[in-house]
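This report describes selected features of one protein structure with a bound ligand. The sequence and the structure are shown first, and the description follows.

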Amino acid sequence: MAERKQFRAIKGTRDILPPDSSLWNWFERAAREVFESYNFGEIRLPIFENTDLFARSIGEETDVVSKEMFAFYDPFTPDELYWKSLEHSLSVKPLEGESQAAWLAKVRQEFEKRPKGEVLSLRPEATASVCRAYIEHGMQTLPGNVKLYYIGPMFRRERPQKGRYRQFYQIGAEVLGQSDAPAIDAEVLEMLSVFFARVGLTRTMLYVNSIGDKNCRPQYVELLREELRKVKDQLREDSQRRIETNPLRVLDSKVPEEQPIIEKLPRISDHLCEACREHFAKLKDELKLRNIRYEENWRLVRGLDYYTRTTFEVTAEGLGSQNAVCGGGRYDGLVELLGGPPTKGIGFAIGSDRAILSIQEGGKAPALGGLSVFTAWMGAPAYLAAVSIARKLRGAGVSVELPPEELKFKKALGLADKLGARYALIIGEDEVAAGTFTLKRLADADQRKFSEPELLEYLESERRGT
Ligand code: HAM
């Protein structure tokens, strides 16, 4: 007998059930509406890609690539299957004038030549995929800037905790093209703030920074490295290692003892080249012009290597330590790094799990639809009327529950109540005889009789009003 086994969702993954899923749909619908009003179009991307795409874009030394990717080897044709098909062809088609051994040796030679598998990864983020798609589809020939958004799951093998999952969800947007005008950065941030206001995510803080470009950042990084070497003994192991691998990431440290040391380090804002300084100044002017509140944070370096110049993050309340609900920035040169034409890029990704949690914790989640009508029918003739009216009401967009088996009147009303229905639609012998319906509002037991057209009109107009 097979062992009894209870399956559970894998650590760091979860099911999103009704009614929460309605809230998720509402949240994603709002993003689509806002982003499309800024002329962004949706891109649907694969869930897995070649691992090298992520390694090259995000950086080999980053936590995401070095520790957190769900990578797997895809051998194209599983060896066993391959051999089975060979054996099969040998058994049905012996070769003339050739020994089986000679044939087999030839086959083996062919087998060794077969395409080797490749290492794939579940996507830990989607900016790399967007750039890959931009190149693959020659989007640089499209008119104007290419403005894309995406919604979907991402995967990182992180230690799960509140607001941190191994399968989490992002809503992201990217602008790719020839221009790096600061107005693009500002418009992206405006769109983000319009979206957050729309979904009631108001207790947020936007932090911005510029981390320079290839002209000024290398010198700054070297200076930072030299300064860090001087205080190496006072740093923890992680930071000590990063002095050599990626000194900027030391600025990200949350270790309390390291904070006073980090505060005294040289700041990138004092070491930007003229062009980067000007770009950042213009961005700040643009943000003021658009009434977008922000704070400068010189330590905002982000955990992915592709960023240049503008970086930003939004934090929200009610989330504990995992309080970043959105991160983003410029990545001019990433498309080129992946073998495409010189291209500028900027974008962001919102962590939906955290954003929705913060909306819920702030008490701002809207009351969404839910069940409107529970049909309480009694007797076979009433059942016919119930099936017919249920279909018509559903056609008019009203949410209707039709019990598949006859229930006693009290039981039907009890179930309607438990399901959270607004109304019970009562159809009994009297109603069938008179060709009417009795609609009972469950909140206050107010009860009225309707003809079919009246009922449809009443419930439809009520639906539009809510
Ligand atoms: P990121 O900062 O790695 O940026 O992720 C963006 C957001 O995704 C985070 O602020 C957070 O809300 C959410 N997030 C990340 N990891 C987890 C997790 N394990 N559990 C729950 N939520 C998480 C990016 O991914 C970049 N691709 C953003 C970007 C787009 N930059 C330019 N364009």
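## Unusual backbone geometry

Pro 19 is placed in the segment before helix 1 (20-37). The model is a predicted one. A cis peptide bond, with omega at about 5°, joins Pro 18 and Pro 19. As background, most peptide bonds are trans, and most residues other than glycine have a negative phi.

Two residues other than glycine with a positive phi are described here. Asn 291 has phi near 60° and is located in the loop between helix 11 (274-289) and strand 8 (295-296). Arg 302 has phi near 70° and sits in the loop that runs between strand 8 and strand 9 (308-316). Are these residues buried or exposed? Asn 291 has a relative accessible area of 69% and is therefore exposed. Arg 302, at 14% relative accessibility, falls under the 20% limit and so counts as buried.

## Strand 6 and its neighbours

Strand 6 covers residues 167-177, and 10 of its 11 residues are buried, so the rest of the structure largely encloses this strand. Strand 5 (residues 146-155) pairs with strand 6 in the antiparallel sense, over 10 bridges. Strand 11 (residues 344-351) also runs antiparallel to strand 6, and eight bridges join these two strands.

Gln 170 illustrates both pairings. This residue of strand 6 is the bridge partner of Gly 152, and Gln 170 has Gly 351 of strand 11 as a bridge partner. In general, the side chains of a regular strand alternate between the two faces of the sheet.

## The ligand and its surroundings

How many residues surround the ligand? The number is 27, and the closest are Glu 125, Glu 158, Glu 174, Tyr 307 and Ala 324. By class, this shell consists of 12 nonpolar, eight polar and seven charged residues. Strand 6, strand 10 (324-330) and strand 11 each contribute at least two residues to the shell. The largest share, six residues, is supplied by strand 10.

Contacts to the ligand involve both side-chain and backbone atoms. An N or O atom in the side chain of Tyr 307 is 2.6 Å from a nitrogen atom of the ligand. From the backbone, an N or O atom of Ala 324 lies 2.7 Å from a ligand oxygen atom, and an N or O atom of Phe 348 lies 3.4 Å from a ligand nitrogen atom. The ligand taken alone exposes 660 Å², of which the protein buries 95%.

## Aromatic pairs and a cluster

The whole structure contains 13 aromatic pairs. One of them joins Phe 48 and Phe 72 in an edge-to-face arrangement, with 6.1 Å from centre to centre and 70° between the planes. Phe 48 belongs to strand 2 (residues 48-50) and Phe 72 to strand 3 (residues 71-74), so the pair ties together parts that are 24 residues apart in sequence. Phe 48 counts as partly exposed at 45% relative accessibility, and Phe 72 counts as partly exposed at 34%.

Tyr 423 and Tyr 458 also form an edge-to-face pair, with centres 6.3 Å apart and 75° between the planes. This pair links distant parts of the chain, 35 residues apart: Tyr 423 lies in strand 14 (residues 423-427) and Tyr 458 in helix 17 (residues 452-465). Tyr 423 has a relative accessible area of 2% and is buried, whereas Tyr 458, with 21%, is partly exposed. In addition, one aromatic cluster is formed by Phe 27, Phe 35, Phe 40, Tyr 149, Phe 195, Phe 196 and Phe 348. Phe 348, a member of this cluster, is also the residue with a backbone N or O atom 3.4 Å from a nitrogen atom of the ligand.

## A five-stranded open sheet

Strand 14 takes part in an open sheet of five strands, arranged in the order 13-12-14-15-16 with mixed pairing. Strand 13 (400-401) and strand 16 (447-450) are the edge strands, each pairing on one side only.

Which strand runs parallel to strand 14 and is joined to it by five bridges? The strand in question is strand 12 (residues 373-377). Within this pairing, Phe 374 has Ala 424 of strand 14 as its bridge partner.

Definitions and conventions
Residues are numbered from 1 along each chain as its sequence is written. This is a predicted model: local features need pLDDT of at least 70, side-chain atom pairs count only at pLDDT 80 or more; totals for chains, interfaces and linings use all residues. Side-chain values use heavy atoms; hydrogens and water are left out. Buried means under 20% relative accessible area, exposed over 50%, partly exposed in between (1.4 Å probe, protein chains only). Helices (H or I, at least four residues) and strands (E, at least two) are DSSP runs, numbered from the N terminus. Two strands pair if DSSP finds at least two bridges between them. A residue is near a molecule or strand if one of its heavy atoms lies within 4 Å of it. A polar contact is a pair of N or O atoms within 3.5 Å; within protein, one must be able to donate a hydrogen and the other to accept it, and residues adjacent in sequence count only if both atoms are side-chain atoms. Accessible areas come from the Shrake-Rupley method with a 1.4 Å probe; for residues, only the protein chains shown count as cover. Ala, Val, Leu, Ile, Met, Phe, Trp, Tyr, Cys and Pro count as nonpolar, Asp, Glu, Lys and Arg as charged, and the others, Gly among them, as polar. Rings of Phe, Tyr and Trp (its six-membered ring) pair if their centres lie within 6.5 Å; planes under 30 degrees apart count as stacked, over 60 as edge-to-face and the rest as tilted.
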